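Visitor: Before we begin, could you take me through some features of this structure, one at a time, with the reasoning behind each?

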Amino acid sequence: MSVKVDLAAKILFVEQEITYTNATGDTLSTIILNDWNNAYSDKNSPLGKRFSDEFVKTFHLAKKSEIGGTNKLVISDENKTELEWNRDDDQPDLVEIILPQKLLPNQVLHLHLTYQAKIPSDKFTKYGYDDKGGMYLKNWFLAVARYENHSFLKYSNENFDDIANEISDYEIAMSTPANTDLVTDLKIDKIESTYNLLGKNRTDFNIFILKKSDFEQYKNDKIEVYTNLKSKNVNNIQKALIVDRITRFVDEHLGQYPHERITVSQADYEKSPFYGLNQLPSFLSPFTNDFLFEIKFLKTYLNNYLKNSLRLNQRKDNWIFDGLQVYTMMQYIDENYPNSKMMGGLSRFRLLRNYNLTQLPFNEQYSYFYMLMARKNLDQPLGTPKNKLIRFNEQIAGKYRAGLSLRYLADFMGKTEVQNSISKFYTLNTIQAQTDRADFENILKTATPKKIDWFFNTIIDSREIVDYKFGNVSKTNDSVTFTVKNRTNTTVPVSVYGVNKKQVVFKEWLENISTDSTFRFPRKGASKIVLNYNNEIPEYNLRNNWYSLKNFKISNRPIKFVFMKDLEDPYYNQILYVPTVGYNLYDGLTPGLRFHNKTILDKPFVFDVNPMYSPNNQSLIGRFSLLVNQYNRNSDLYNIRYTISGSYMHYAPDAAYSKLNPAIFLRLRESDDFRDNHKQFLSLRSVLVSRENTTIPQSEETVNYNVFNLRYTDTYTEVTKHLSFMTDLQASKSFGKASVEFGFRKLFNDNRQLNVRVFAGTFLYRNTDTDYFSFGLDRPTDYLFDYDYYGRSETTGIFSQQVIIADGGFKSKLSTPFANQWMATTNMSFNVWNWVEVYGDAGFIKNEFRRERFVYDSGIRLNLVTDYFELYFPVYSNNGWEISQPHYNEKIRFVVTLEPKILVNLFTRKWF
């Protein structure tokens, strides 16, 4: 390639020669080129759709100057005959060249290409131009795609850094503007303003063009490293020692790097950082600065080391990259920091020593992140192609489980056998043009006489969960006899330990436990027996893995009280307690103490009790819930939740209500596509309400009542569009009603957003004269006590101005606020600038003995944080020009939510 760099225009002018030898063994009529830079040219490309699917707005709202693309592409053969080529509309980042004559096996093809590569902003994927006038170039040129199983791989750029190029030799002459530096992992030679770059047997490479280089060079007899990883108060001598230690460790445990130099950049780290519970605010300083730099460098170095060495299909066999990276990181910690904790120096604080979170060994955190997804029934097989994984699995849980799985295999096979197999496989990649999972599997199987088919069939290729527990246990002074129960019918080896005062006195591997099996071993002084003691097996539930052999024990797992939050501790029944504070007008500011068993991992049974004190009424109030989760592993109906909840609070001055709510919730999804944002929910519940009478006596039907509620919700959500549909059926002695609700949101390319909500409801029967159960136009009465009203009985004052979008969804208070026959309304809003929107509501309401009435309102909405903090300023409605009427401040409506969970959901949805 001959490349001229225009930093001002963010364009590379490229003239390229490709010499392609058909080593496929097949006769070719077309050639596929990867043109991943062109993925940035279309917001509906697979890359754009991936961003939208994961609720990332930056690319969709990008300016024209920020996006990239490949322009003015001309392809010709060695005779300068222009060749026909095309792009698929669904994959604009691939170029298919139509060959005028078929290319036979071992025949050579010469191609000449000219094009302009418009480089995108680096804010999308960390690759591209930055705001400092430099560029990080990766996957910017056209290259022949990998040929596998008699066809070219047609992988699109989906921000996975897994381009499938053929192994190639590169010669590049790159002309850069004066007063710029160039850093690369290719061989480099500079002649005036032109850099001559050379790479042998590579699939990809990195180039950094900088106004002034911030990279530092470290070199030993193994490799030459260029890095600009950020660090705080770590001097060059410390960095040099760390880099030297890591490069030698990786060379020893994996093999010799096939190239002379490697880059380890801050951008690479930020693209795939070290996720963990060690991500605490910097002022807490749980780890030393040099340790943080070491972990960052180790992870990023291993990632680049493996990507540039292994000749695997990076998308299909991604678990091997992840497994080798995390397994090697765990080995590094074991050898260099064997006593390090997950939360670093916080484990030494006396106040924190009672927390499993702070005392957990550093390497044990990986299993918790895998378990986080398994307990939510969102884990996926490790062998799943990378583009089919949920983001959390792709970047965190899947990576960690892959490393844990190799550690599991090493513990079963023998660490030496697995280590030798890894080294042998790594060496194979320097010999063969391509490798795949079968090569790795064959090497492992030949390294041991043990049967390890279970590792690939179950641990890698399935999402079957492992869960063993003890059955009957008997003991003598000399022996222990026990039954092991297989709770999930997943047959893999499990280890059993005899432990005495935290010392292992015996360890045995148990195999082929497909049904309940009984074993007997010498006791050797063990005071307890433990399955999977060192957590080498990625097991679903560790809480049933041990049994005390002591003669006197109060409980196999004693109760442990923990303040605030903690990780699950398998050796205790944890009860967490946390101070709470709530507020409503009638109870005032209500302090309380919440008791629950919700650790960071989901549990099959959860209780939550929150007593509070009402200072206004000088009485106890509060709420409680009991929940049982049933997860179906291989069904569209993936979760059934059985709950019973209740609350006791005041709804008016000196008048309290009690609510009891038994319910069943069913959640559905596509069982073969976890990434699909289409979700369905079905809930069945009975709401039993008892209200004390206020100063104005109320009828019995509004004081004590029971409502059966059946609700179905169907949603599809991504950043550019949202669709939802809900049906609701309610039945009680006094009434029966049905309603439907439709929601639509569309985000346009200019950052304009249209929101539409349609509601229609009708009474099926009505045996009451009160409007208590009627449809509310601007403020539902909330007889089911589902909404967080701060002053639910208020008709005047600031608390009456709280708006909750339900039923009619109006913001203006009209003269007819209820409908006791039917209601049909539409709510719309459209933003005119950032969070400033115009809104309009319109519809019909019908009451008995009256004609239907057309109602409408309009105004300005300040959508500061959706569903969390919003303000509505009415302008015009059935009431006329409200903005010019007296007491306008009393017409302003607001949404304020004190529930943190709603805000947290805005940030977590892109991960799950």
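**Salt bridges, strands and a surface patch**

Guide: In this predicted model, the side chains of Asp608 and Lys598 meet in a salt bridge, with 3.5 Å from N to O. The pair links distant parts of the chain, Asp608 lying in strand E31 and Lys598 in the loop between strand E30 (588-596) and E31, ten residues apart.

Visitor: Is Asp608 buried or exposed?

Guide: The cut-off for buried is under 20% relative accessible area. Asp608 has a relative accessible area of 10%, whereas its partner Lys598 is at 32% and counts as partly exposed. Asp608 is therefore buried.

Visitor: Which residue meets Lys659 in a salt bridge?

Guide: Lys659 sits in strand E34, and the pair links it to a residue 127 residues apart, in the loop between strand E40 (775-776) and strand E41 (818-819). Lys659 is buried at 12% relative accessible area, while the residue in the loop counts as partly exposed at 30%. The N to O distance is 3.2 Å, and the partner of Lys659 is Asp786.

Visitor: How many salt bridges does a search of the whole structure find?

Guide: One of them joins Lys445 to Asp453, whose closest N and O atoms are 2.8 Å apart. Salt bridges also link Arg50, Asp53, Glu54, Glu158, Asp162, Arg315 and Arg675 in a network. For the whole structure, the search finds 49.

Visitor: Which strands stand at the edges of the open sheet E5-E6-E3-E10?

Guide: This open sheet has four strands, and the pairing is antiparallel. An edge strand has a single partner strand, so one side of it is left without a neighbour in the sheet. Four bridges join E5 to strand E6 (residues 91-103), and Trp85 stands opposite Ile97 in E6. The strands at the edges are E5 (84-88) and E10 (143-144).

Visitor: What is the handedness of the β-α-β crossover from E19 to E20?

Guide: Strand E19 (residues 224-227) and E20 pair in the parallel sense over four bridges, with Thr227 opposite Val264 in E20. The chain passes from E19 through helix H2 (residues 236-253) to E20, and this crossover is left-handed.

Visitor: Which strand gives the largest share of the nonpolar patch?

Guide: The patch lies on the surface with about 880 Å² of accessible area together, and its residues include Phe605, Leu626 and Phe708. Phe708 is placed in strand E36 (residues 704-717), and counts as partly exposed at 36% relative accessibility. At least two patch residues come from each of E31, E32, E33, E34 and E35, and the largest share, three residues, comes from E32.

Technical notes: Residues numbered from 1 in each chain as written. Predicted model: local features only at pLDDT ≥ 70, side-chain atom pairs only at ≥ 80, totals over all residues. Heavy atoms only, no water. Patch = residues over 30% accessible without salt bridge, like charges linked within 9 Å, V, L, I, M, F, W, Y side chains within 5 Å. Areas by Shrake-Rupley, 256 points an atom, 1.4 Å probe, with all protein chains shown as cover. Salt bridge = Lys/Arg side-chain N within 4 Å of Asp/Glu carboxyl O. Buried < 20%, exposed > 50% of the residue type's maximum accessible area, 1.4 Å probe, protein only. Pairing = 2+ DSSP bridges. Right-handed = clockwise from strand over helix to strand, strands pointing away.
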